[in-house]
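Please look through the structure shown here and follow its parts one at a time, beginning with a small detail and working outward to the whole chain.

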Amino acid sequence: MSDTSQDGTMNLTDLNADERLALIGLVAQMVSADGEMSEEEMAELGQLGAEMGQDAFASAFEAQKSRFSSLDDAIDFASKIENQDAREMIHTCLVDMAQSDGLADEEAHIIRRVALMWGIASRAS
């Protein structure tokens, strides 16, 4: 049975291990980009974990800590993601996370880099 929603769109549970790692790595870099984690960002992370599944989220979160020491590391890894639906979902998650507490310049920069890399029209400006 597929976790894809009834309208055919992708859900977070549809992401494979590399796609989850790319998402969580980019989210972690973005959340730390402005130097603070707001209550809204904490709530978004909780929702992300609930939608992805706590075990999958925890596994990806632990893996990204040792895998990505910089934004460039996370972006380099994410550049290898080929599934366009996964790319768009990851981008949407980044935008939602950034906008949860007001879009900081540092967050917008990350979103633009990811959108440019994947050829996605960014909603963050």
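In this predicted model, a side-chain oxygen of Asn-16 comes to within 3.0 Å of the backbone nitrogen of Asp-18, at the start of helix α1. The helix itself runs over residues 17-33, and its length can be checked with simple reasoning: at 1.5 Å a residue, the 17 residues of α1 should span 24 Å, and because its end C-alpha atoms are 24 Å apart, the expectation and the model agree. After the helix comes Gly-35, whose phi is positive, near 80°.

How much of α1 is covered? Of its 17 residues, 12 are buried, so the helix is mostly covered. Among these buried residues are Glu-19, Leu-23, Leu-26, Val-27, Gln-29 and Val-31, and what covers the buried residues of α1 includes α2, α3, α4, α5 and α6.

Two residues of this helix show what such covering looks like in detail. Gln-29, which has its place in helix α1, counts as buried because its relative accessibility is 16%, and the cut-off for buried is under 20%. Leaving out residues up to four places away in sequence, Gln-29 touches Phe-68, Ser-70, Leu-71, Ala-74 and Ile-110. Val-31, also in helix α1, has a relative accessibility of 4% and therefore counts as buried by that cut-off. When neighbours within four places in sequence are set aside, Val-31 is in contact with Glu-36, Met-37, Glu-41 and Met-97. The C-alpha atom of Val-31 is also separated by 9.5 Å from that of Glu-106, a residue 75 residues apart from it along the chain.

From these single residues we can turn to the nonpolar core. The largest nonpolar core has 37 residues, and those with the most contacts inside it are Leu-12, Leu-23, Leu-26, Val-27, Leu-48 and Leu-94. Helices α1 (17-33), α2 (39-52), α3 (54-67), α4 (71-78), α5 (84-99) and α6 (105-118) each supply at least two residues of this core. As one example, Leu-94 is in contact with Leu-26, Val-27, Met-30, Ile-111 and Val-114, leaving aside its neighbours within four places in sequence.

Aromatic rings give another view of how side chains are arranged, and here the count comes to two aromatic pairs. In one of them, Phe-57 and Phe-61 are stacked, at 6.2 Å centre to centre and with 15° between the planes. These two residues are four residues apart in helix α3, which means that about one helical turn separates them. An α-helix has 3.6 residues a turn, so residues three or four places apart point the same way. Phe-57, at 13% relative accessibility, counts as buried, whereas Phe-61, at 32%, counts as partly exposed. The pair formed by Phe-68 and Phe-77 is tilted, with 5.5 Å from centre to centre and 55° between the planes, and both Phe-68 and Phe-77 are buried.

Finally, consider the chain as a whole, which contains six helices and zero strands. Of its 125 residues, 41% count as buried, and its C-alpha atoms fill a box of roughly 40 × 30 × 25 Å along the principal axes. A compact globule of 125 residues would have a radius of gyration near 14 Å, and because the chain has 13 Å, the two values agree. Among contacts with a separation of 6 or more, 73% come from residues 24 or more positions apart.

Technical notes. Residues are numbered from 1 along each chain as its sequence is written. This is a predicted model: local features need pLDDT of at least 70, side-chain atom pairs count only at pLDDT 80 or more; totals for chains, interfaces and linings use all residues. Side-chain values use heavy atoms; hydrogens and water are left out. A nonpolar core is a set of buried Ala, Val, Leu, Ile, Met, Phe, Trp, Tyr and Cys residues joined through side-chain atoms within 4.5 Å. Buried means under 20% relative accessible area, exposed over 50%, partly exposed in between (1.4 Å probe, protein chains only). Contact means heavy atoms within 4.5 Å. The expected span of a helix is 1.5 Å times one less than its number of residues. A polar contact is a pair of N or O atoms within 3.5 Å; within protein, one must be able to donate a hydrogen and the other to accept it, and residues adjacent in sequence count only if both atoms are side-chain atoms. Rings of Phe, Tyr and Trp (its six-membered ring) pair if their centres lie within 6.5 Å; planes under 30 degrees apart count as stacked, over 60 as edge-to-face and the rest as tilted. The radius of gyration is taken over C-alpha atoms; the globule rule is 2.2 Å times the number of residues to the power 0.38.
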